[in-house]
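Grab a coffee and open the viewer. Here are a few exercises, each with a solution worked out in steps.

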Amino acid sequence: MIHTKFKLHELFSDEINDPAKFPFNINFSRKHMENIKGPGIYIITLDDEIAYVGSYKTDNDIIDDRWIRHIHTITCRGIKIGFGNKTIEWFNKTYSPLFARNNITINETEIVNERLRDTGFVTTKNIVKYCMSNWNILKNMDNNLNLSFHLFKPEAKDATEFVKDIASIKKDLILEINPPCNSQFKYKQKTLKLQDAIDLINTSY
């Protein structure tokens, strides 16, 4: 496997769009112009601790197809975040208590008008829980934020077989690594350390 690490601020610039919409007020713009193509497995880390494991099986550009969505949601700061086609009552029951833990006041009008739909950047409860538990790191979004994407791509000779097995590879890795932002996260199981996950991928695939 070929392992490449990409840092957040190498890939994206960020600009505050509207302070009144905090925390969903940062517009992330791509600044890494060279295409990064799949297939591959990727790990998103914060301060070198694993947050999310994903996969990508096409040869399209992974930044536009996947990573731009992840950076909006996994920071809980993106202007395009949505919560799906739900009611405000559902939102207040499911999400408002999570934000309240960090004394974040949510603008209900904005939620109803802009976020209770499929924006193409829909977040999940596990991701929001993760963001709120790391809010002291994510709330400022300064240049010191140590958020990275680790991409693991097969050697060219192994690519066809890798693509054929990628769904099961991803499933096995999620179970073994136990990333907190994935839906399969088990709260009573520890998340694998980054180097252990790197070693697992390099030796297993």
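**Exercise 1.** Is the crossing of H8 and H9 left-handed or right-handed?

*Solution.* First, the ground rules: this is a predicted model, where local features need pLDDT of at least 70 and side-chain atom pairs count only at pLDDT 80 or more, while totals for chains, interfaces and linings use all residues. Residues are numbered from 1 along each chain as its sequence is written, and side-chain values use heavy atoms, with hydrogens and water left out.

Step 1. Find helix H8 at residues 159-177 and helix H9 at residues 194-204. Helices (H or I, at least four residues) and strands (E, at least two) are DSSP runs, numbered from the N terminus.

Step 2. Look at the axes: those of H8 and H9 come within 11 Å and cross at roughly 150°. Axes are lines fitted to C-alpha atoms, for helices over the stretch in contact, and angles run from 0 to 180 degrees between N-to-C directions.

Step 3. H8 and H9 are therefore roughly antiparallel to each other (under 35 degrees is roughly parallel, over 145 roughly antiparallel, 65 to 115 roughly perpendicular, the rest oblique).

Step 4. The crossing of H8 and H9 is right-handed: the near helix is turned clockwise from the far one by less than a right angle, whereas anticlockwise would be left-handed.

Step 5. On the H8 side, the contact (heavy atoms within 4.5 Å) uses Leu 173, Glu 176 and Ile 177, and on the H9 side Ala 197, Leu 200 and Ile 201.

**Exercise 2.** Which residues of H9 are buried, and what do they pack against?

*Solution.* Step 1. Pick out Leu 194, Ala 197, Ile 198 and Ile 201, which are buried (under 20% relative accessible area; over 50% is exposed, in between is partly exposed, with a 1.4 Å probe and protein chains only).

Step 2. These four sit on the same side of H9, because they cover an arc of only 100° around the axis. The arc is that of the directions from the helix axis to the C-beta atoms.

Step 3. The buried residues of H9 pack against H8 and strands E1 (2-7), E4 (40-46), E5 (49-56) and E6 (147-153).

**Exercise 3.** Take Ser 55 in strand E5: is Ser 55 buried or exposed?

*Solution.* Step 1. With a relative accessible area of 13%, Ser 55 is buried.

Step 2. Skip its neighbours within four places in sequence, and Ser 55 contacts Gly 40, Ile 41, Tyr 42, Arg 66, Ile 166 and Lys 170.

**Exercise 4.** What does Lys 31 touch, leaving out residues up to four places away in sequence?

*Solution.* Step 1. Go to the loop between strand E3 (26-30) and E4, where Lys 31 lies. Lys 31 is partly exposed, at a relative accessible area of 45%.

Step 2. Lys 31 touches His 9, Glu 10, Leu 11, Phe 12 and Ser 13. Between the C-alpha atoms of Lys 31 and Leu 11 there are 5.5 Å, though they are 20 residues apart along the chain.

**Exercise 5.** Which backbone angles should you check in the loops?

*Solution.* Step 1. Look at the peptide bonds: Phe 22 to Pro 23 is cis, with omega near 10°, and Gly 38 to Pro 39 is cis, with omega near 0°.

Step 2. Go to the loop between E4 and E5 for Asp 47 and Asp 48. Phi is positive at both: near 50° for Asp 47 and about 65° for Asp 48.
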